[in-house]
Amino acid sequence: MHTALPRLVTSALSAALAIALAGPAGALGAGTDPEFIATLELPSGDVEYPIELGKLHVFDEERAPFVVSVIDGCRVNDHLWVFGAGLSGMPVPMTILDLNSDQKARVVLPAYEPGNPIGSLVEPEALRVCGDEPTGGLPVLKGAARLTAADGRGDEYDDAIEIRSDGDDDAYRRVVRGGVSYPIISTGSPIVAIDDSPSFDELVLLAEGRTPRQIEGVAFRGAQGMLPSAAALEKAAKRLDRSRVRRAFETAKNMRVPQGIIDDLGLHGVDQVNHVSLDLETLGADAYLAQAGWIRERGGGLEPPLPVADRFSVETTGASGEAVSIPLVGPLVGSDEEGQLWEYRSDDVLVQVMDACALGGSFWMLAGAVTDEPLELTITDSVSGGSASYPLWTEGKDVSRLSDGASLTFCP
């Protein structure tokens, strides 16, 4: 097996596909950790590409572009879905490996015959990796936590960080840093999160920094027994305010241990103190943090990002003749997929429409639905006024599914 880094598409046809769908979307930003590995089984050998959830990836091998996406279908059927298409002249097996669970899904991308529609596939039951975590609530915020020792020992380093709501619509309940989950015991501001693993204790205090987009604080670490009882810690934490955490951060940043806040919280045997700053990259993070009470709104109200303009209307019709509209949920304005991808989703239906006009003169579509009756899926384009309808029914499957790369001829 050899491993190929994502590369710029070289052929004219590949370049058209890359421009149409997302540029060289297989290329990950610096410092980004891939969540999945897609392995193409080509005649010349296996080739691996890193994949991120929810992004449309385009990569090129043997002068044939391939398009792959792992889609969050957890709300519909508690699975992650796999979408794929390619321009190879032969069927190409592809395996998706989830790096967190080690689960694998193997699909076969259909062969492409010049002059015929591009074949694509959608597998809504490919990866069961949603687990038991809630899928509602505030979105997961991702970024980096930068930690520097207060006494100057050791180098500054970054940890990948996630802030999760665990299903809450108005609070964040968990910080995940360096692979360790820290439950949040104070949900407003300042934030108090702890890790009481069998080998050591750690406490993290976070508060709004000098600007609304900055989150800063301190982290204390010591042997097990550093933390007081949960009740005592919560009581002490309630007496803290943003300014108290800010002062502790500035003290640690100036290479001094903030002994005052250690005494206030009743910590014992603190071995290491770090000042911490968070850099969150999730679109709309400041609005979601304001909603959860981590930071304050200043000036005009902060608004979460909105879905891209609703170019299409998507609805399903059952045997009763009643039409049900499927709402647009993304991508969001400012995201990588803006203007190239539209996602429509309800509790039992998920539809994506992708702009592939530069490749084959049409939009691509994938759909899946949990249904006990045949449905008619209708997609209407507000720009051209055209529409297309499909029977959405796969008998014997838990999720009825379809994908199409030819009939949505709404391109100019």
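So, strand β8, residues 120-127: six of its eight residues are buried, which leaves the strand mostly covered. Keep in mind that we are looking at a predicted model. The partner here is strand β5, residues 79-86, which runs antiparallel to β8 and is joined to it by five bridges. If you want a spot to click on, Phe83 stands opposite Val122 in β8.

Just ahead of β5 there is a backbone detail you may like. Asp78 sits in the loop between α2 (74-77) and β5, and its phi is near 65°, a positive value in a residue other than glycine. Most residues other than glycine have a negative phi. As for the side of things you would probe with a solvent sphere, Asp78 is partly exposed, because its relative accessible area is 23%, and buried would mean under 20%.

Asp166 makes a nice companion. Its phi is near 55°, again positive, and it lies in the loop between β10 and β11 (174-177). Asp166 is partly exposed too, with a relative accessible area of 31%.

Now to the inside. Which residues touch the most other members of the largest nonpolar core? They are Leu141, Tyr172, Leu206, Leu278, Leu289 and Trp294, out of 26 residues in that core. Several elements supply at least two residues each, among them β9 (141-149), β14 (200-208) and β16 (270-280). Helix α6 gives the most, with four residues. Take Tyr172 as an example: beyond its neighbours within four places in sequence, its contacts include Leu138, Ile163, Ile184, Tyr288 and Trp294. There is also a second, separate core of 25 residues, including Ile51, Ala64, Val68 and Met94.

Let's move to helix α4, residues 242-253. For twelve residues at 1.5 Å a residue, we should expect a span of 16 Å, and the end C-alpha atoms are 16 Å apart, so the two agree. Its buried residues are Arg244, Val245, Arg246, Ala248, Phe249 and Ala252, and these pack against β14, β15, α5 (259-265) and β16. Just after the helix, Met255 takes a positive phi of about 65°.

Last stop, the prolines. Where are the cis peptide bonds I want to show you? One runs from Ser189 to Pro190, with omega near 5°, and Pro190 lies in the loop between β12 and β13. Another runs from Gly330 to Pro331, with omega near -5°; Pro331 is in the loop between β19 (328-330) and β20 (341-345). For context, most peptide bonds are trans. Happy to rotate the model for anyone who wants a look!

Definitions and conventions. Residues numbered from 1 in each chain as written. Predicted model: local features only at pLDDT ≥ 70, side-chain atom pairs only at ≥ 80, totals over all residues. Heavy atoms only, no water. Buried < 20%, exposed > 50% of the residue type's maximum accessible area, 1.4 Å probe, protein only. Pairing = 2+ DSSP bridges. Core = buried A, V, L, I, M, F, W, Y, C linked by side-chain atoms within 4.5 Å. Contact = heavy atoms within 4.5 Å. Expected span 1.5 Å × (residues − 1).
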